[in-house]
Amino acid sequence: MSMPTSADGVVFRDMTLEDVPAVDALEQRLFPADAWPLHMFLSELSQPETRRYLVAESGGSIVGYAGLMCIEPIADVQTIAVVPEFEGRGIGSTLLTRLITEAGLRGAADVLLEVRADNPRAQQLYVRFGFEQIHVRRGYYRDGVDALIMRLQLAPEGAPADAAPGHTPAQDHTTEAGQP
């Protein structure tokens, strides 16, 4: 299913099995130390009842991708990435907005993610969306870097999940994120 196109011709749509080789190539390029193996993407796409994966496409090439796992009441941003040549165009913000919206539609009260402690650009994006750091996983990444665990509450504690929408700054185009 195709989604609206941004002003610079980027199309956002659901990831398909046909996209996996291109996404895998980007994953290996963008995250050489922490890249998911190809079978992880295949496994994730085989679970639509709890997963949603998106791609951003420009000129027929995938320039970003993101994925969400949601097992009520928790959603987890599994991955989010934008190729460096397309950073700063709002692609990461749009992908994250759509994942947060999906989490709400699936009944999540909280959205969690891990982000590298040495990736301030991604951390700033998440903070702008209302995420706050709740924990540190020491040495989480293969190269020994810590992971910051961040949470966005979609509903105030004690309120139903649909009582408070998440932050969705659709026009926020200042920063992109790498993989959480």
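**A cis peptide, two helix pairs and a loop aspartate**

P73 sits in the loop between strand 4 (61–71) and strand 5 (74–82). The structure is a predicted model. In this model the peptide bond from E72 to P73 is cis. Its omega is near 15°.

Two helix pairs were examined. The first joins helix 1 (residues 20–30) and helix 2 (residues 38–45). These helices pack at an angle of about 135°, and their axes are 9 Å apart. Helix 1 is therefore oblique to helix 2. The crossing of helix 1 with helix 2 is right-handed. Helix 1 contributes V20, V23, D24 and E27 to the contact. Helix 2 contributes L38, F41, L42 and L45. By class, six residues of this contact are nonpolar and two are charged. No polar residue takes part.

The second pair is formed by helix 3 (residues 91–105) and helix 4 (residues 120–128). Here the packing angle is about 50°, with the axes 11 Å apart. That angle makes helix 3 oblique to helix 4. Helix 3 passes helix 4 in a right-handed crossing. On the helix 3 side, the contact involves G92, S93 and L96. These residues meet L125, Y126 and R128 of helix 4. The contact of helix 3 with helix 4 holds three nonpolar residues, two polar ones and one charged.

Charge pairing was examined next. Side chains of opposite charge can pair when their charged atoms come close. A search of the whole structure returns 14 salt bridges. One of them links R52 to D14. The closest N and O atoms of R52 and D14 are 2.5 Å apart. R52 belongs to strand 3 (residues 51–58), and D14 belongs to strand 2 (residues 11–14), so this salt bridge ties together parts that are 38 residues apart in sequence.

D146 lies in another loop, between strand 7 (132–137) and strand 8 (147–153). The side chain of D146 makes a polar contact of 2.8 Å with the side chain of R138. A polar atom of the D146 side chain also lies 2.8 Å from the backbone nitrogen of G139. Leaving aside residues up to four places away in sequence, D146 touches V115, R116 and A117. With the same exclusion, D146 also touches V136, R137, R138, G139, Y140 and Y141. R138 and G139 thus appear both among the residues touched by D146 and as partners of its side chain, R138 through a side chain and G139 through the backbone nitrogen.

Methods
Residues numbered from 1 in each chain as written. Predicted model: local features only at pLDDT ≥ 70, side-chain atom pairs only at ≥ 80, totals over all residues. Heavy atoms only, no water. Helix = DSSP H or I, 4+ residues; strand = E, 2+ residues; numbered from the N terminus. Polar contact = N/O pair within 3.5 Å; in protein donor to acceptor, adjacent residues only side chain to side chain. Contact = heavy atoms within 4.5 Å. Axes fitted to C-alpha atoms, helices over the stretch in contact; angles between N-to-C directions. Parallel < 35°, antiparallel > 145°, perpendicular 65-115°, else oblique. Left-handed = near helix turned anticlockwise from the far one by under 90°. Nonpolar A, V, L, I, M, F, W, Y, C, P; charged D, E, K, R; others polar. Salt bridge = Lys/Arg side-chain N within 4 Å of Asp/Glu carboxyl O.
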